[in-house]
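User: I would like to go through this model and ask, for each term used about it, what justifies the term.

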Amino acid sequence: GCETHLIWVLGGDVGADEPVDRRIVYRRMAEGLIEGATGQRVTWDQAHPAWSRLLMTYHPRGVQSSSQWFHDDAWLDFHMIQTFKHRERVYEMVSADVARRAPVKPTVMGEPAYEGFGGHSKVTSNPYHVRRQAYQAFFAGAAGYTYGCAMSTREGEGPLFGFGPGWENLLDLPGAHQVAVALRAFLQAHAWWDLVPDQELILEGRGTGQTLKAAARAADGRELLVYYPDRTPATLCLDPFAGHRVKATWFDPRSGTTRPSGTYPASASGQFMPPAGWMDAVLVLQPRR
């Protein structure tokens with residue numbers, strides 16, 4: 001039967017054309033899943049209502065996205081990206097998928113760098129790195145983000161390559177809480193599904209790679225959000241608030257708390273920097289009528 005709470009992930013940390021082109025293998029797998037679940041025989045490139053009965057995607061290796069091979073395929077419902085240890089590529093790769101058209105498909109950051117010691121990746125990510133990846137992904141237009149933790153010790157205590165003693169403690173890692181609780185609450189409070197990525201709103205101080213600031217605006221103009229991955233200033237375009245005073249509020253991704261920052265007169269631009277002592281921050285600008 002068709003279980004609506006399941007996501008069928010084809011592939012598995014592998015490029016669909018490496019070392020040889022195996023795209024037809026995964027396309028036949030998708031066809032087989034639909035036939036087994038619905039009894040309908042449809043081909044991978046055929047638009048058909050049966051495809052809507054299962055939610056399917058493809059898991060590539062880093063640094064890749066399923067969009068490289070299957071963007072036009074009827075079976076693939078949303079894209080999955082892996083950046084793994086390449087934390088500087090998150091915004092870039094999500095943006096590239098979001099820009100794809102005909103058809104438009106959601107994209108999910110499915111495997112960023114894990115919290116903890118990275119084992120063979122030789123990259124250790126702390127909660128700060130986890131937050132940066134998550135906020136950059138969503139502010140670039142991602143439809144989802146998958147949190148993961150690596151080995152908690154260099155001796156290999158799970159769960160990336162197998163669960164070991166004390167794995168339950170990994171559920172309480174700081175980065176897990178900051179993504180699953182603080183980030184989720186923030187996104188829901190600001191109707192993240194209606195946000196539009198807009199880097200042109202950052203006039204100066206945008207940064208690059210891991211320290212790229214990411215801006216998004218509400219489609220109806222009710223607010224502007226800017227994620228600051230470090231405590232450096234940025235000059236922002238305030239034209240969307242012409243004729244109104246601007247109310248500024250800082251959100252702390254580490255604690256999930258907010259701090260009012262006053263109101264500012266209407267002007268073409270303004271410079272803002274996170275509060276002292278904050279590692280990263282989200283600036284929320286709203287018109288004060």
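**Terms and their grounds**

Analyst: We can begin with the second pocket, bearing in mind that the model is predicted. Helix 5, residues 174-189, gives the most to the lining of the second largest pocket, with six residues.

User: Which residues line the second largest pocket, and what makes them lining residues?

Analyst: The lining consists of Phe138, Tyr145, Thr146, Tyr147, Val179, Ala180, Leu183, Arg184, Leu187, Gln188 and Trp192. They are called lining residues because a lining residue has an atom within 4 Å of a point of the pocket. The volume of this second largest pocket is about 240 Å³, and its lining divides into eight nonpolar residues, two polar and one charged.

User: How does the largest pocket look in those terms, and which residues lie nearest its centre?

Analyst: The largest pocket has a volume of about 290 Å³. Its lining holds 16 residues, and Val98, Gly141, Ala142, Ala143 and Leu195 lie nearest the centre. Helix 4 (127-139) and strand 7 (195-197) each supply at least two residues of that lining, which divides into twelve nonpolar, two polar and two charged residues.

User: What makes the other enclosed space a cavity and not a pocket?

Analyst: The distinction is whether the space is open, because in a cavity a 1.4 Å probe fits but cannot get out, whereas a pocket is an open set of points. A search of the whole structure finds one cavity of 30 Å³ or more, and about 40 Å³ of space lies in the largest cavity. Phe84, Lys85, Ala113, Tyr114, Gly118, Ser121, Val123 and Ala150 line the largest cavity, a lining that divides into five nonpolar, two polar and one charged.

User: Phe84 is among those lining residues; what is said of its phi, and where is Phe84 placed?

Analyst: Phe84 has a positive phi of about 50° although it is not a glycine, and its place is in the loop between strand 4 (79-82) and helix 3 (90-98). This is worth noting because most residues other than glycine have a negative phi.

User: Which peptide bonds are cis, and where do they lie?

Analyst: The peptide bond from Glu18 to Pro19 is cis, with omega near -5°, and Pro19 is found in the loop between strand 1 (7-11) and helix 1. The peptide bond from Gly62 to Val63 is also cis, with omega near -5°, and Val63 is found in the loop between strand 2 (55-59) and strand 3 (64-65). Such bonds are singled out because most peptide bonds are trans.

User: Why is the contact between Glu31 and Arg28 called a salt bridge?

Analyst: The side chains of Glu31 and Arg28 meet at 3.2 Å, N to O, and the pair therefore satisfies the cut-off, which asks for a side-chain nitrogen of Lys or Arg within 4 Å of a carboxyl oxygen of Asp or Glu. As for their positions, Glu31 and Arg28 are separated by about one helical turn because they are three residues apart in helix 1 (residues 23-38). Eleven salt bridges are found in a search of the whole structure.

User: How do you know that strand 12 and strand 15 are paired?

Analyst: Seven bridges join strand 12 (residues 245-251) to strand 15 (residues 281-288), which run antiparallel; two strands pair if there are at least two bridges between them, so the pairing follows. As an example of a partnership, Lys247 has Gln286 in strand 15 as its bridge partner.

User: What is the order of strands in that sheet, and which strands are its edges?

Analyst: Six strands form an open sheet in the order 7-9-10-15-12-13, with antiparallel pairing. Strand 7 and strand 13 (258-264) are the edge strands, because each pairs on one side only. Neighbouring strands of this sheet are turned by 25° against each other on average, direction ignored. Helix 4 lies across strand 7, strand 9 (214-218), strand 10 (224-228), strand 12 and strand 15, and runs at about 150° to strand 10.

User: How many bridges join strand 8 to strand 11, and why do they count as paired?

Analyst: Two bridges join strand 8 to strand 11 (residues 234-237), so the requirement of at least two bridges is met. In strand 11, Thr235 is the bridge partner of Glu204. These strands belong to an open sheet of three strands in the order 8-11-14, with antiparallel pairing, whose edge strands are strand 8 (202-204) and strand 14 (269-272).

How values were computed
Residues are numbered from 1 along each chain as its sequence is written. This is a predicted model: local features need pLDDT of at least 70, side-chain atom pairs count only at pLDDT 80 or more; totals for chains, interfaces and linings use all residues. Side-chain values use heavy atoms; hydrogens and water are left out. On a 1 Å grid over the protein atoms alone, a cavity is a set of points where a 1.4 Å probe fits but cannot get out, and a pocket is an open set with protein on both sides within 12 Å along at least five of seven lines; lining residues have an atom within 4 Å of a point. Grid points are joined across faces, edges and corners, and a volume is the space filled by probe spheres set on the points. Helices (H or I, at least four residues) and strands (E, at least two) are DSSP runs, numbered from the N terminus. Ala, Val, Leu, Ile, Met, Phe, Trp, Tyr, Cys and Pro count as nonpolar, Asp, Glu, Lys and Arg as charged, and the others, Gly among them, as polar. Axes are lines fitted to C-alpha atoms, for helices over the stretch in contact, and angles run from 0 to 180 degrees between N-to-C directions. Contact means heavy atoms within 4.5 Å.
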